[in-house]
Each structure stands twice: as C-alpha cells, then as structure tokens.
Amino acid sequence: MAFIVINPNSTAAMTDSILAMAQAAAPGAAFEGWTSTLAPPAIQGPADVAAATPPLLELVTQAARRGAEGVIVACFDDPALAEARACAPCPVIGIGQSAFHKAALRGWRFSVVTTLPAAIPTVEGNIRGYGLSQHLGRVRASNVPVLALEEDTEAACARVAEEAERAVAEDGIDAVILGCAGMARVTGHLRTRLPVPVIDGVEAAARFISVL
C-alpha cells in the first residue's frame, strides 16, 4: 500500500501540486494524494481548522483500513495531528512538523514565510509545542491567501519571495521555511533567488515518512 498524502482542504488542484512535490522528493516511494472534499477550500485560521478536522480524521481512518504505510497531513498548521495519529497504527506526520525538524536537525536558525497574519499564532504555537523555539527567527506573513498560490502563482511567488528576502536580510537566519502546502509551486523559484536553503514541508515530510 502507498503512503497517503492528505490535503485537508477541498481544493483538488492543490492536492495535485502537493502530490507532485512528494513524488519528486522521494521517487522510490509510492504516494497517493487524497483531497478532503467535505472541508473548506482553504485552511486560513481556527474556524477552518475546526471545519476541516472531522473529514480529515475520517480520511486518516480510511487510510489505516486500507493498510497505508504512512500518512502525511499536508497542511502547514498540522491540524489535529495528535488526533490523527490516534486513528492509525502507521506513522502520521505533518508538513509543518517535518519542516521544523529538518531545520533543527541541521542546527539551522530559520524564519517561516506563511500566508496570512491569521496563521502566525498557530505556527508559533506549534514550534513551541515541538520544543524548537530556540531555532526560530520569526514567523512572517506574505499576505498571500492560500488559493492565490493556485490562481495567480506568478504574483503570489513574487510576494512570497519579497518577504523571504526580508527574512534573510533582517532575521539572522540560516534557512527559510515555506509555511503553506500550496507553496510547493514556488519552491524551485525561491531556491534560485535566495542565498540560504529553502525548506518545503511537503518535500521534508515525503522524505521523512519514506524511512520511518
């Protein structure tokens, strides 16, 4: 059975981007991309997380019943990750969790460039919860809505890149973490533009789960 990459929102085009990133990151592993069709089209705050949680947990349960080797929750907020783990005997990991730990394993100080300001408290709280606050420079909002990453990728990429450049200039960091699963579309461009490593959570999660 494949590793299951669950997009907790209902935007199928984002699932396609996420799956492509996972497959490129770990070409020796088999991945399936699942879309949470009963969830909001984007997860941009606590209300969206609450609405997305029940269908997400149902999908994790289905993956476990099908004998999945592992599950990736492909939302940077790592929604309901503890509850999701309780639904399956296989590894269940989040893309935010994976990105933070990749940076920490390298001893890197990092800043996160996420979407909207509403995402900042959740990301900061997750980093504290993982015990990795000592590695954090700053969590920054690019003011790019999640769906803009799909609908106007070029403009969104430019805004994310500008905020990432400010992070490099101002935060005293070794790496930039992209704080949205939909940013998989812009990772390659940012790696050619920034002088520090750029960590994508989907890529990190795919590589981690394939060896857990």
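What radius of gyration would a compact globule of 212 residues have, and what does the chain have? I began there. The model is predicted, and I kept that in mind for each entry below.

**Entry 1: overall form**

For 212 residues the compact-globule rule puts the radius of gyration near 17 Å. I find 16 Å for the chain, which agrees. Along the principal axes, the C-alpha atoms fill a box of roughly 50 × 35 × 30 Å. I then looked up burial: 57% of the 212 residues are buried. For the contacts with a separation of 6 or more, I noted that 69% join residues 24 or more positions apart. The secondary structure consists of 9 helices and 8 strands.

**Entry 2: domains**

I took the division of the chain next. Domain 1 covers 3–94 + 205–209, and domain 2 covers 96–200. Domain 1 is thus written as two segments, while domain 2 is a single one. Over C-alpha atoms, the centres of domain 1 and domain 2 are 20 Å apart. I looked up the contacts between them and found 21 residues of domain 1 touching 28 residues of domain 2.

**Entry 3: the cavity**

How many cavities of 30 Å³ or more does the model contain? I count 1. The space in this largest cavity is about 160 Å³. Its lining has 18 residues. Those nearest the centre of the cavity are Ile-43, Cys-75, Phe-76, Val-146 and Cys-180. By class, the lining residues are 10 nonpolar, 7 polar and 1 charged.

Where does the largest cavity lie with respect to the two domains? I place it between domain 1 and domain 2, because both give residues to its lining.

**Entry 4: Glu-150**

I ended with one residue. Glu-150 belongs to helix α6, which runs over residues 148–151. Is Glu-150 buried or exposed? Its relative accessible area is 15%. The cut-off for buried is under 20%, so I enter Glu-150 as buried. Leaving out residues up to four places away in sequence, I list Ala-13, Met-14, Ser-17 and Arg-185 as the residues that Glu-150 touches. Of the residues on that list, I checked Ala-13, Met-14 and Ser-17 against the domain bounds; the range 3–94 is part of domain 1. Arg-185 is also on the list, and the range 96–200 is domain 2.

Definitions and conventions:
Residues numbered from 1 in each chain as written. Predicted model: local features only at pLDDT ≥ 70, side-chain atom pairs only at ≥ 80, totals over all residues. Heavy atoms only, no water. 1 Å grid on protein atoms, 1.4 Å probe; cavity = no way out; pocket = protein on both sides within 12 Å on 5 of 7 lines; lining within 4 Å. Points joined across faces, edges and corners; volume = space filled by probe spheres on them. Nonpolar A, V, L, I, M, F, W, Y, C, P; charged D, E, K, R; others polar. Domains from an automatic or database assignment. Helix = DSSP H or I, 4+ residues; strand = E, 2+ residues; numbered from the N terminus. Rg over C-alpha atoms; globule rule 2.2 N^0.38 Å. Buried < 20%, exposed > 50% of the residue type's maximum accessible area, 1.4 Å probe, protein only. Contact = heavy atoms within 4.5 Å.
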